[in-house]
Amino acid sequence: MVVEAAKSSKAHFLALPRDATVAELEAAVRAALSISATKMSLAVDGCTPAASATVGDLSDACKQADGFLYVAVRAEKAMGALAAPCFASDTV
């Protein structure tokens with residue numbers, strides 16, 4: 001899967017088992033990107049997936065023609081300031 005953050009030209013690739021939940025994906029994204037922001041949201045095709053959904057179900061339903069699942073990340077620091085991770089990608 002490809003993890004992207006707004007306003008950046010880089011992407012980060014993560015590999016998780018199909019039975020991993022979105023909550024586990026969020027934890028992996030936080031660890032991979034060293035995000036310590038208090039609020040972070042993930043979006044797939046513009047929608048926020050349920051924390052209990054599995055990566056496999058998301059991939060089956062939402063992967064792109066290139067075979068990748070694109071996950072957008074938005075992190076906010078305290079008081080609503082946005083935190084931009086050091087990588088990410090363009091629009092899906």
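This note covers the salt bridges and the strand pairing of a predicted model.

1. On the ionic contacts, the count comes to two salt bridges, and the two are taken in turn below, with the position and exposure of their residues.

2. One salt bridge joins the side chains of Asp60 and Arg18, with an N to O distance of 2.7 Å. This pair links distant parts of the chain, since Asp60 belongs to helix 2 (residues 55-62) while Arg18 lies in the loop between strand 2 (12-13) and helix 1 (22-33), the two residues being 42 residues apart. Arg18 has a relative accessibility of 48% and therefore counts as partly exposed, given that the exposed class begins over 50%.

3. Glu26 and Arg30 form a salt bridge in which the closest N and O atoms are 3.5 Å apart, a value that falls within the 4 Å cut-off. Both residues sit in helix 1 and, because they are four residues apart there, about one helical turn separates them. Glu26 is partly exposed at a relative accessible area of 25%, and Arg30, at 22% relative accessibility, is likewise counted as partly exposed; the buried class applies under 20%.

4. As for the strands, strand 4 (residues 70-76) pairs with strand 1 (residues 2-5) in the parallel sense over four bridges, and within this pairing Val2 stands opposite Tyr70 of strand 4.

5. Strand 4 also pairs with strand 3 (residues 39-43), here in the antiparallel sense and over five bridges; Lys39 has Glu76, in strand 4, as its bridge partner. Strand 4 thus takes part in a parallel pairing with strand 1 and in an antiparallel pairing with strand 3.

Methods. Residues numbered from 1 in each chain as written. Predicted model: local features only at pLDDT ≥ 70, side-chain atom pairs only at ≥ 80, totals over all residues. Heavy atoms only, no water. Buried < 20%, exposed > 50% of the residue type's maximum accessible area, 1.4 Å probe, protein only. Pairing = 2+ DSSP bridges.
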